Amino acid sequence: MSTQWTFRIMLDHLYRVGNLRSMPGVMASLDSDAIWLRGDSLDDALHRILTAVADGPVFQLAPDGRLTPFGCTVPTERLVAQTWQPLTELLRPVLPSPALTKVRLPRVTLHLERLERTTEQHDAVLLLTDWPTFRDWAESAAEIRLLACRFAVCSQLEGETDFSNASPRVAIVGSPLPPLPGKRFWLAGRVAVPLGFHWSPSVDIKTLERTLCPPQQDNLSRIWIWEAEENILHSIVSSELIPAVRANIRASDKSLQELT
């Protein structure tokens with residue numbers, strides 16, 4: 001007796017055969033408003049599974065198409081020639097639409113918050129101050145203090161191009177920083193954060209950079225200075241920070257005087 005099996009199921013009940021897709025060698029054939037399935041190695045265990053799926057009996061399929069109900073010896077029907085294809089090709093699963101497609105999640109804006117006294121503090125590595133204060137200090141400062149710093153005047157600070165200001169600003173990077181009045185910052189990756197402040201929500205530094213730092217259009221390494229009071233960003237090209245030697249400071253001062 002052949003161990004090949006087959007059964008018929010109405011298209012309305014096709015959802016039942018989903019589990020059979022993972023069974024190797026299962027073939028399918030469309031027949032009007034129904035579908036025939038067939039496979040190999042029919043036994044008692046498989047018969048119980050197929051009976052729960054089929055609309056009607058599960059047959060043993062003879063090579064000549066005769067159909068014998070499982071457990072019987074006399075054929076009761078004959079299966080006419082069919083065009084078969086793998087069940088996995090006939091039935092392709094479709095992912096359901098996401099349940100939350102129409103839900104709009106609230107947007108969270110990064111903002112600065114002042115740290116509590118008990119919160120871990122950071123070392124200042126960048127100072128924003130006015131140019132005359134820095135220039136005058138540099139004239140009398142010890143050379144070893146100058147060598148610890150690099151600077152860029154306001155002409156290198158993106159967003160500051162108004163040289164009519166009597167006191168243009170300067171960004172100074174170094175450790176230790178000059179003992180001058182101004183705004184001090186610590187570095188979180190490429191973002192200079194005001195000393196005594198942290199961002200909220202407390203995302204990681206890579207996320208902070210992706211959120212605040214625009215894509216690099218010029219392929220230049222930049223430091224983004226985040227000022228708390230105005231809640232604005234300035235950028236400075238790292239390569240334009242020059243050593244704080246007196247010759248560079250005097251040359252920068254001369255250029256500023258010419259611009260004003």
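Me: In this predicted model, which residues does Phe 134 touch, not counting those up to four places away in sequence?
Reply: The model is a prediction, and contact here requires heavy atoms within 4.5 Å. Leaving aside residues up to four places away in sequence, the partners of Phe 134 are Thr 129, Phe 151, Val 170, Ile 172, Leu 180, Ala 244 and Ile 249.

Me: Which element gives the most residues to the largest nonpolar core?
Reply: The largest nonpolar core has 18 residues, and Phe 134 is among those with the most contacts inside it, as are Trp 131, Trp 137 and Phe 151. At least two residues of this core come from each of α3 (131–140), β10 (149–153), β11 (169–174) and α6 (246–259). With four residues, the element that gives the most to this core is α3.

Me: How many residues make up the second, separate core?
Reply: In soluble globular proteins, nonpolar side chains tend to be buried together. Besides the largest core, there is a second, separate one that includes Val 17, Leu 37, Leu 46 and Val 53. The number of residues in this second core is 17.

Me: Which residue of β11 stands opposite Val 153?
Reply: β10 is mostly covered, since four of its five residues are buried. β10 and β11 run antiparallel and are joined by five bridges. Within β11, the residue that stands opposite Val 153 is Val 170.

Me: What is the bridge partner of Phe 151 in β17?
Reply: Strand β17, which covers residues 242–243, pairs with β10 in the antiparallel sense, and two bridges connect them. In β17, the bridge partner of Phe 151 is Ile 242.

Me: Is Asp 204 buried, partly exposed or exposed, and what is its relative accessible area?
Reply: Asp 204 is found in the loop between β14 (197–200) and α5 (205–212). Buried would require under 20% relative accessible area and exposed over 50%. Asp 204 falls between these cut-offs and is therefore partly exposed, with a relative accessible area of 45%.

Me: How far from a polar atom of the side chain of Asp 204 does the backbone nitrogen of Thr 207 lie?
Reply: The side chain of Asp 204 reaches the backbone nitrogen of Lys 206 at 3.1 Å. For the backbone nitrogen of Thr 207, the separation from a polar atom of the side chain of Asp 204 is 2.9 Å.

Me: What percentage of the residues of the protein chain count as buried?
Reply: The protein chain has six helices and 17 strands. Its exposed area is about 15800 Å², of which carbon and sulfur atoms supply 53%. Of the 260 residues of the protein chain, the portion that counts as buried is 38%.

Notes
Residues are numbered from 1 along each chain as its sequence is written. This is a predicted model: local features need pLDDT of at least 70, side-chain atom pairs count only at pLDDT 80 or more; totals for chains, interfaces and linings use all residues. Side-chain values use heavy atoms; hydrogens and water are left out. A nonpolar core is a set of buried Ala, Val, Leu, Ile, Met, Phe, Trp, Tyr and Cys residues joined through side-chain atoms within 4.5 Å. Buried means under 20% relative accessible area, exposed over 50%, partly exposed in between (1.4 Å probe, protein chains only). Two strands pair if DSSP finds at least two bridges between them. A polar contact is a pair of N or O atoms within 3.5 Å; within protein, one must be able to donate a hydrogen and the other to accept it, and residues adjacent in sequence count only if both atoms are side-chain atoms. Accessible areas come from the Shrake-Rupley method with a 1.4 Å probe; for residues, only the protein chains shown count as cover.
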